[in-house]
Amino acid sequence: MFYNLLYPLHEHISFFNIFQYITFRTIYAAVTGFMIAYLFGPMAIRLLTRMQIGQYIRKCGPETHQQKAGTPTMGGILIILAGLGSSVLWADLTNRYVLIVIAATLAFGLIGFVDDFQKTVRKRNKGLSGWAKFTMQCVMALLVCLAILKVSGNTRLLVPFLKSFTPDLGLAYVLFGMFLVVGSSNAVNLTDGLDGLATGPLIISYVGYMGFAYVAGHLMISDYLQVTYVPGSGEVAVCCGAMAGALTGFLWFNTYPAEIFMGDVGSLPLGGSLGTIAVITRQELLLALVGGIFVLEALSVIFQVGFFKATHGKRIFRMAPLHHHFELKGLAEPKIIVRFWIIAIGLALVALSTLKIR
């Protein structure tokens with residue numbers, strides 16, 4: 001909104017030239033997102049507490065988690081409002097990629113809201129059924145990927161480290177993108193099991209894709225680094241900055257011991273929007289590195305379930321997702337969280353290095 005209102009003034013007042021720079025608006029989108037989440041965080045905690053929207057803890061989980069029962073949840077609403085609110089203020093709302101990111105975030109947020117509402121308000125412990133949730137995610141992801149394809153018209157896949165190998169997937173690219181977006185959404189949801197565990201890597205991931213979006217949307221830089229040029233995708237960096245800022249403000253209250261949890265209304269749309277941004281920037285495969293923590297958590301569940309069924313009751317891990325395994329081995333929760341953050345930073349740096357190693 002600031003951009004759309006003030007940018008036309010750059011032709012008359014030199015000061016407003018700064019609004020044409022994506023870097024400037026990305027920085028202030030991050031600051032704005034942080035301030036909204038930070039300032040309204042205490043209000044959100046009080047409101048959710050008064051409405052008795054508290055976290056339900058399953059008895060099959062680690063016993064130490066029982067003390068977290070009743071902690072205000074659905075804090076993802078605060079993150080989404082802060083992140084999208086900042087995006088609306090600082091991003092170019094005529095940019096179709098920006099509109100797609102906003103739409104994807106709201107769509108997956110609606111799924112998460114319904115799921116959380118069923119669990120916390122209607123007291124249905126499992127919320128939406130797995131198939132209902134998965135079906136809705138697939139439909140939303142399909143629409144998002146079709147919209148991206150309509151704007152870009154590009155179905156080639158950029159492979160990290162290989163500058164000349166860009167296979168054209170054709171219409172299969174839509175299915176691939178759908179798998180990526182849904183997988184990202186669910187992987188973040190699985191990771192959100194400890195105080196700040198998902199929030200930290202999400203901040204790191206959004207910062208990483210902030211760089212990818214800027215590079216993909218800059219003709220000269222993308223040409224120099226030999227990555228696919230995606231006209232208009234640079235504006236998505238503003239959205240990434242806004243979400244990273246909002247998550248940082250939320251982390252102020254979500255860090256151990258957490259005063260508020262994001263819930264499915266936070267984890268599902270944040271993972272979904274991250275996958276959407278990966279598709280827009282043509283850095284789909286690098287999501288496995290940038291969001292490596294989410295991938296490891298999801299794989300630990302897949303391997304655990306598969307091995308359990310194949311061996312009729314045997315387990316690879318003491319409990320899945322992976323963070324519960326380390327909990328049951330006796331590691332303190334803050335130590336697990338910070339170590340996962342460190343791994344996330346390392347993976348993101350490796351992913352960013354692929355821009356030059358080609």
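## Surface and overall make-up

Let's begin on the outside: the protein chain exposes about 16600 Å², and carbon and sulfur atoms supply 69% of that area. Please keep in mind that this is a predicted model.

Looking inward, 50% of the 358 residues of the protein chain count as buried. The secondary structure comes to 14 helices and zero strands, so reading along the sequence gives the pattern α-α-α-α-α-α-α-α-α-α-α-α-α-α. Contacts in the protein chain also reach across the sequence: among those between residues at least 6 apart, 74% join residues at least 24 apart.

## Where helices α3 and α9 meet

One pair of helices to look for is α3, residues 76–90, and α9, residues 236–254. Their axes lie 8 Å apart, and the two helices pack at an angle of about 145 degrees. The crossing of α3 and α9 is right-handed.

Which residues make the contact? On the α3 side they are Leu 78, Ile 79, Ile 80, Ala 82, Gly 83, Leu 84, Ser 86, Ser 87 and Trp 90. Helix α9 brings Val 238, Cys 239, Ala 242, Met 243, Ala 246, Leu 247 and Phe 250. Sorted by kind, the residues of this contact are 13 nonpolar, three polar and no charged.

## Aromatic pairs

The structure holds 11 aromatic pairs. One of them joins Tyr 28 and Trp 90, with 5.8 Å from centre to centre and 35 degrees between the planes, an arrangement that counts as tilted. Because Tyr 28 lies in helix α2 (residues 22–50) and Trp 90 in helix α3, this pair ties together parts that are 62 residues apart in sequence. The two partners are covered as follows: Tyr 28 counts as partly exposed at 39% relative accessibility, whereas Trp 90, at 8%, counts as buried.

Another pair is formed by Tyr 209 and Phe 212, whose ring centres are 5.1 Å apart. Their planes stand at 65 degrees, so the pair is edge-to-face; the cut-off for that label is over 60 degrees. Both residues sit in helix α7 (residues 199–216), three residues apart, and are therefore separated by about one helical turn. Tyr 209 is buried, with 0% relative accessibility, and Phe 212 is buried as well, at 1%.

## An aromatic cluster

To finish, find Phe 34, Tyr 38, Trp 252 and Phe 253 in the structure: together they form one aromatic cluster.

Notes: Residues numbered from 1 in each chain as written. Predicted model: local features only at pLDDT ≥ 70, side-chain atom pairs only at ≥ 80, totals over all residues. Heavy atoms only, no water. Helix = DSSP H or I, 4+ residues; strand = E, 2+ residues; numbered from the N terminus. Buried < 20%, exposed > 50% of the residue type's maximum accessible area, 1.4 Å probe, protein only. Contact = heavy atoms within 4.5 Å. Areas by Shrake-Rupley, 256 points an atom, 1.4 Å probe, with all protein chains shown as cover. Axes fitted to C-alpha atoms, helices over the stretch in contact; angles between N-to-C directions. Left-handed = near helix turned anticlockwise from the far one by under 90°. Nonpolar A, V, L, I, M, F, W, Y, C, P; charged D, E, K, R; others polar. Phe/Tyr/Trp six-rings, centres within 6.5 Å; stacked < 30°, edge-to-face > 60°.
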